[in-house]
Amino acid sequence: MDLTGRTALVTGGTRGIGLAIAGTLHRHGAQVVITGRGEEHGRKALTRLGAGDDVTLCVADATRRPDAERAVDTVVDRYGRLDIVVNNVGGATDFATVADITDDVWHRTLALNLDTALYTTRRALTHLLPQRSGRVINISSMEGRDPDPGLCAYAAAKHALIGLTRVLAKEVGPYGITANCVCPGAVETDWVVQQGPKAARVLGTDYPGLIRHFTGRTATGRLTRPEEVAAAVLLLASHPGSGITGSCLSVDGGTTV
């Protein structure tokens with residue numbers, strides 16, 4: 001799974017799963033651009049990666065089309081080409097049932113999880129199609145396959161991301177480009193710690209109860225680890241993964257078996 005000579009963009013790569021993905025791709029030889037909305041978190045991420053000139057920070061808000069496009073162009077400007085796109089930006093800041101959700105929460109959640117992938121991928125294809133090679137890897141969620149009540153906008157967005165990925169795979173397959181999803185289970189990132197209590201209330205529990213709920217759904221009896229998600233991305237990004245496209249690879253400890 002040697003990625004030497006290849007370049008990657010990891011959106012939302014300054015923390016959590018994105019940071020683990022960026023580190024794994026770099027350790028296997030790739031030059032990587034990570035994006036994040038904050039300079040401070042971005043600089044801390046670069047320090048943690050310790051990668052020197054082979055990892056670059058692009059401060060960008062991927063929900064804004066110009067920022068998403070600039071992030072793609074940064075990879076080409078910095079390293080001369082683009083090979084791997086990991087659309088990792090996502091999440092939710094509010095949770096509600098279908099009966100209670102507001103238009104604002106619905107549209108913000110779709111923008112964060114779905115529009116970001118479209119903006120980034122569409123720009124990336126202007127580079128990937130002419131070179132007739134590339135990898136697009138979208139980070140969906142187990143909630144996009146087997147959703148919990150109260151997470152309607154998040155689940156809908158992640159489900160739509162899977163559909164977008166499968167359409168893309170059929171469109172770009174003849175050009176030597178693969179498109180796949182990775183669907184992590186619950187990972188206790190700092191985002192989950194911050195937003196989990198809100199989701200817990202919608203489910204009628206507290207944060208420890210939410211973690212027990214997610215753990216109880218698994219076959220392994222534990223939460224997913226960021227490095228396990230990153231390992232799946234590495235496979236899909238590498239030459240051994242070239243025969244996999246249009247797939248939805250679950251890394252959720254058996255939750256969605």
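Visitor: Is Arg65 buried, exposed or partly exposed?
Guide: The model is predicted, so local features need pLDDT of at least 70, side-chain atom pairs count only at pLDDT 80 or more, and totals for chains, interfaces and linings use all residues. Residues are numbered from 1 along each chain as its sequence is written, and side-chain values use heavy atoms, with hydrogens and water left out. Buried denotes under 20% relative accessible area, exposed over 50%, and partly exposed the range in between (1.4 Å probe, protein chains only). Because its relative accessibility is 38%, Arg65 is partly exposed.

Visitor: Which residue meets Arg65 in a salt bridge at 3.5 Å, N to O?
Guide: A salt bridge requires a side-chain nitrogen of Lys or Arg within 4 Å of a carboxyl oxygen of Asp or Glu. The partner of Arg65 is 4 residues away in helix α3 (residues 65-79), about one helical turn; helices (H or I, at least four residues) and strands (E, at least two) are DSSP runs numbered from the N terminus. This partner counts as buried, at 15% relative accessibility. The side chain that meets Arg65 at 3.5 Å belongs to Glu69.

Visitor: Which residues are linked with Arg65 and Glu69 in a network of salt bridges?
Guide: Arg65 and Glu69 form a salt bridge with each other. The network that links them also contains Asp73 and Arg123.

Visitor: How many residues apart in sequence are the parts that Asp148 and Arg217 tie together?
Guide: Asp148 forms a salt bridge with Arg217, with the closest N and O atoms 2.8 Å apart. Asp148 lies in the loop between β5 (134-139) and α5 (152-172), whereas Arg217 lies in the loop between α7 (207-216) and α8 (226-237). Asp148 is buried at 8% relative accessible area, and Arg217 is buried at 19%. The pair therefore ties together parts whose separation in sequence is 69 residues.

Visitor: What is the N to O distance between the side chains of Lys44 and Glu40?
Guide: Both residues lie in helix α2 (residues 39-49), 4 residues apart, about one turn of the helix. Lys44 is partly exposed, at 49% relative accessible area, while Glu40 is exposed, at 56%. Their side chains meet in a salt bridge, with an N to O distance of 3.4 Å.

Visitor: How many salt bridges does a search of the whole structure find?
Guide: The pairs discussed above include Lys44 with Glu40 and Asp148 with Arg217. Over the whole structure, the number of salt bridges found is 17.

Visitor: What is the relative accessible area of Thr11?
Guide: Thr11 lies in the loop between β1 (7-10) and α1 (16-27). Not counting residues up to four places away in sequence, Thr11 touches Thr35, Val86, Asn87, Asn88, Val89 and Thr120, contact being defined as heavy atoms within 4.5 Å. Thr11 is buried, and its relative accessible area is 4%.
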